[in-house]
Amino acid sequence: LKPNEACNLGSINLYHFVHPFWKGEDKKADMALRQELKQTVEDAVDFLNLMIDKSETPFPEINEAVRASRKTGLGVMGLADYLSAKGITYGSPEAVHEAADIFAFITKTAEEYSLRKGYKNACLIIQAPTGTTGLVGEVSAGIEPHFLRCWNRHSLKMGDLLMYPKSLRDYIVSRRDSCRVDDHNHICWIALENAMNNNDMDRFSNLVEGKEYYNDDHSISDEIKRYWPTAHEVTPKQHLAMLAAIQRHIHNGVSKTINLPHDATVDDVRELITTAWRSGCKGFTCYRDGSRDSQPLKAIDNKVKEQDVRNYINHLAEVGKKPSTISRTIASVRAFYQYEVKNKKTITDPTEHIQSPKIEKRTPSILTSKEVETLLEQPSTEDLKGVRDKAMLEFAYASGMRVTEIISLNIED
């Protein structure tokens with residue numbers, strides 16, 4: 001933007017213009033939806049130009065600059081839901097081609113209509129983040145992939161919100177309705193829907209990962225993971241390929257985040273920047289997961305990780321202790337929380353996960369070496385005789401249960 005200029009933004013919900021694969025192939029429906037999209041783009045161009053003509057800003061200099069260049073920023077939201085509904089994996093070559101095709105169509109339609117109406121827009125198409133807009137529209141943000149198949153969105157005003165992709169919810173409900181009662185997968189579709197309705201993230205994740213006994217063939221799990229890949233399952237190169245394909249049909253900038261794992265290096269970021277520049281991209285956001293203390297979107301992780309168990313055992317060996325003390329350690333963690341709830345006070349402790357926890361809301365589930373060393377010195381108040389430590393931890397890892405939930409089980413259970 002030049003001095004005093006402004007750009008009026010608007011976003012089209014792509015999920016409204018797709019015939020989902022779970023309803024069967026219908027070429028006539030696809031053609032009708034493409035015609036509806038064309039009409040919507042033209043209406044959007046009219047709408048944004050009317051905003052320029054009718055809006056008044058606090059300063060006449062801004063009014064003059066805005067009406068001189070007539071820059072508009074028409075973009076989309078819900079691309080990930082659109083691709084999922086078409087049965088296309090985000091980041092795949094087919095997805096890159098489809099994204100380029102849909103943006104080429106939108107841009108060409110907007111350009112031809114603007115010229116026909118004589119609007120003289122300096123630019124028409126911009127891709128904004130549409131994070132909040134997508135939240136209101138119940139679809140994925142902008143051109144981003146699904147963050148997760150189930151995730152926690154933190155809002156300062158509304159607290160933590162449990163989120164699921166709208167296309168995934170529609171898919172599950174549709175499959176449940178069309179599945180025969182005597183089909184062995186029928187119970188799985190019902191369980192998936194109930195898990196979403198009850199915000200039971202643990203069970204929903206287990207069903208999607210194929211851990212439930214009535215989904216042994218993994219057909220449901222495989223299809224969901226194939227068409228609803230998450231931001232971290234899409235590789236950085238695939239993120240860039242999607243960005244580059246879309247940027248070619250955008251008059252201005254594109255908002256796109258490339259998600260990196262927590263252990264990404266400076267060299268990884270440098271390579272991304274160089275590749276993006278060579279691909280003709282104007283810019284992108286690179287975000288390393290967990291690089292901030294608080295982030296709006298985050299995974300819900302309450303499992304004992306296999307690597308944490310290995311690190312745990314190795315640390316015990318280093319300090320000359322045997323794995324038999326694991327049960328004592330887990331019990332000590334639970335004892336801390338029982339003490340806090342009972343006495344309504346926080347125990348000062350140097351460990352990362354249990355320092356200043358919120359009573360009855362935070363439960364430690366991953367034990368670091370530092371915690372092991374500290375907690376091993378604390379007295380145990382739980383009697384776990386007869387429970388084999390290794391078996392208990394393996395059960396925690398396999399079932400996804402919190403270690404404190406396992407502690408609360410009776411020995412007989």
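Here are some notes on the fold, the nonpolar cores and the aromatic contacts of this predicted model.

1. Overall make-up. The protein chain has 413 residues, and 45% of them are buried. Its secondary structure comes to 16 helices and seven strands. If you count contacts with a separation of 6 or more, 70% of them join residues 24 or more positions apart.

2. Surface. About 22500 Å² of the protein chain is exposed, with carbon and sulfur atoms supplying 52% of that area.

3. Main core. The largest nonpolar core takes in 66 residues, and the ones touching the most other members are L79, L192 and F204. Helix α4, running over residues 93-117, gives this core its largest share, at seven residues.

4. A look at L192. Leaving out residues up to four places away in sequence, L192 touches I172, F204, L207, V208, I220 and I224. F204 is worth picking out there, as it appears alongside L192 and L79 among the residues that touch the most other core members.

5. Second core. There's also a separate core of six residues, including L148, W151, L161 and A231.

6. Aromatic pairs. The structure has nine of these. One to pull up in the viewer is F21 with W228, a tilted pair with 6.5 Å between the centres and 50° between the planes. What does this pair tie together? F21 sits in the loop between β1 (8-13) and α1 (27-54), while W228 sits in the loop between α9 (219-227) and α10 (236-247), so the two rings link parts that are 207 residues apart in sequence.

7. Burial of that pair. Are F21 and W228 buried or partly exposed? F21 comes out at 22% relative accessibility, so it counts as partly exposed, given that buried means under 20%. W228 is at 0% relative accessibility and therefore counts as buried.

8. Aromatic cluster. F21 and W228 also belong to one aromatic cluster, together with W22, Y171, W189 and Y227. If you're colouring by residue type, that group of F21, W22, Y171, W189, Y227 and W228 makes a handy selection.

9. Charges over rings. Y227, from the cluster, has R226 over its face, at 4.7 Å from the ring centre. Elsewhere, R34 places its charged end over the ring of F105, 4.7 Å from the centre of that ring.

Note on methods: Residues numbered from 1 in each chain as written. Predicted model: local features only at pLDDT ≥ 70, side-chain atom pairs only at ≥ 80, totals over all residues. Heavy atoms only, no water. Core = buried A, V, L, I, M, F, W, Y, C linked by side-chain atoms within 4.5 Å. Buried < 20%, exposed > 50% of the residue type's maximum accessible area, 1.4 Å probe, protein only. Helix = DSSP H or I, 4+ residues; strand = E, 2+ residues; numbered from the N terminus. Contact = heavy atoms within 4.5 Å. Phe/Tyr/Trp six-rings, centres within 6.5 Å; stacked < 30°, edge-to-face > 60°. Lys NZ or Arg CZ within 6 Å of the ring centre and 35° of its normal. Areas by Shrake-Rupley, 256 points an atom, 1.4 Å probe, with all protein chains shown as cover.
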